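Dear colleague,

I am passing on the model that we spoke about, and my notes on it follow. Please read them with the structure open beside you.

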Amino acid sequence: MARREAGVFAISVAARMASMEIQNLRVYERRGLVQPDRTAGGTRLYNQDDVDRLIRIGELLAEGLNIAGIARVLALEHRLDRLQAENRRLRAPGSPGRDA
């Protein structure tokens with residue numbers, strides 16, 4: 001799994017960047033759709049990947065999906081990304097099992 005960048009955006013900034021209300025971000029976190037970092041004091045800190053994910057959630061909401069559907073789509077997109085990366089790795093010149 002790729003190394004996750006540290007969160008740098010407060011919830012208000014992340015909400016503004018994703019064109020969402022702060023309350024929605026809290027709901028998405030409770031539902032497991034985003035997992036922002038937390039400071040020792042409990043303040044949420046979002047990174048750019050989190051913001052991109054929030055934007056994608058907004059797109060899926062606009063298409064009419066509910067939270068459960070969004071969770072499934074995000075999981076499938078993540079799996080697709082991993083499989084495509086594995087496919088690229090296996091097709092790379094010099095990779096084990098590749099015909100010369």
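Strands S2 (37-38) and S3 (44-46) run antiparallel and are joined by two bridges, and across this pairing Arg38 has Arg44 in S3 as its bridge partner. Helices (H or I, at least four residues) and strands (E, at least two) are taken here as DSSP runs, numbered from the N terminus, and two strands are said to pair if DSSP finds at least two bridges between them. The sheet as a whole is open and has three strands in the order S1-S3-S2, with antiparallel pairing. Strand S1 (9-10) and S2 each have a single partner strand and stand at the edges, so one side of each is left without a neighbour in the sheet.

Before going further, I should say that this is a predicted model, in which local features need pLDDT of at least 70 and side-chain atom pairs count only at pLDDT 80 or more, whereas totals for chains, interfaces and linings use all residues. Residues are numbered from 1 along each chain as its sequence is written, and side-chain values use heavy atoms, with hydrogens and water left out.

Arg44, which is placed in strand S3, also links the sheet to helix H2 (22-30), since its side chain and that of Glu29 are joined by a polar contact of 2.4 Å. A polar contact is a pair of N or O atoms within 3.5 Å; within protein, one must be able to donate a hydrogen and the other to accept it, and residues adjacent in sequence count only if both atoms are side-chain atoms. Leaving aside neighbours within four places in sequence, Glu29 is in contact (heavy atoms within 4.5 Å) with Val34, Pro36, Arg38, Arg44 and Tyr46.

In H2, Glu29 is buried, as are Leu25 and Tyr28, where buried means under 20% relative accessible area, exposed over 50%, and partly exposed in between (1.4 Å probe, protein chains only). These residues cover an arc of only 100° around the axis, which puts them on the same side of H2; the arc is that of the directions from the helix axis to the C-beta atoms. Gln23 and Arg30, on the other side of H2, are exposed. The buried residues of H2 pack against H1, S2, S3, H3 and H4, and just after the helix Gly32 takes a positive phi of about 80°.

Ser19 lies in the loop between helix H1 (11-17) and H2, and its phi, near 55°, is positive although the residue is not glycine. At 69% relative accessibility, Ser19 counts as exposed.

The largest nonpolar core (a set of buried Ala, Val, Leu, Ile, Met, Phe, Trp, Tyr and Cys residues joined through side-chain atoms within 4.5 Å) has 17 residues, and among those with the most contacts inside it are Met20, Leu25, Tyr28 and Leu33. H1, H2, H3 and H4 each supply at least two residues of this core, and H3 gives the most, with four residues.

Helix H4 (residues 67-91) has 25 residues and reaches 36 Å from its first C-alpha to its last, close to the 36 Å expected at 1.5 Å a residue, the expected span being 1.5 Å times one less than the number of residues. At its start, a side-chain oxygen of Asn66 reaches to within 3.2 Å of the backbone nitrogen of Ala68. The buried residues of H4 are Ile67, Ile70 and Leu74, and what covers them includes H2 and helix H3 (48-62).

With best regards
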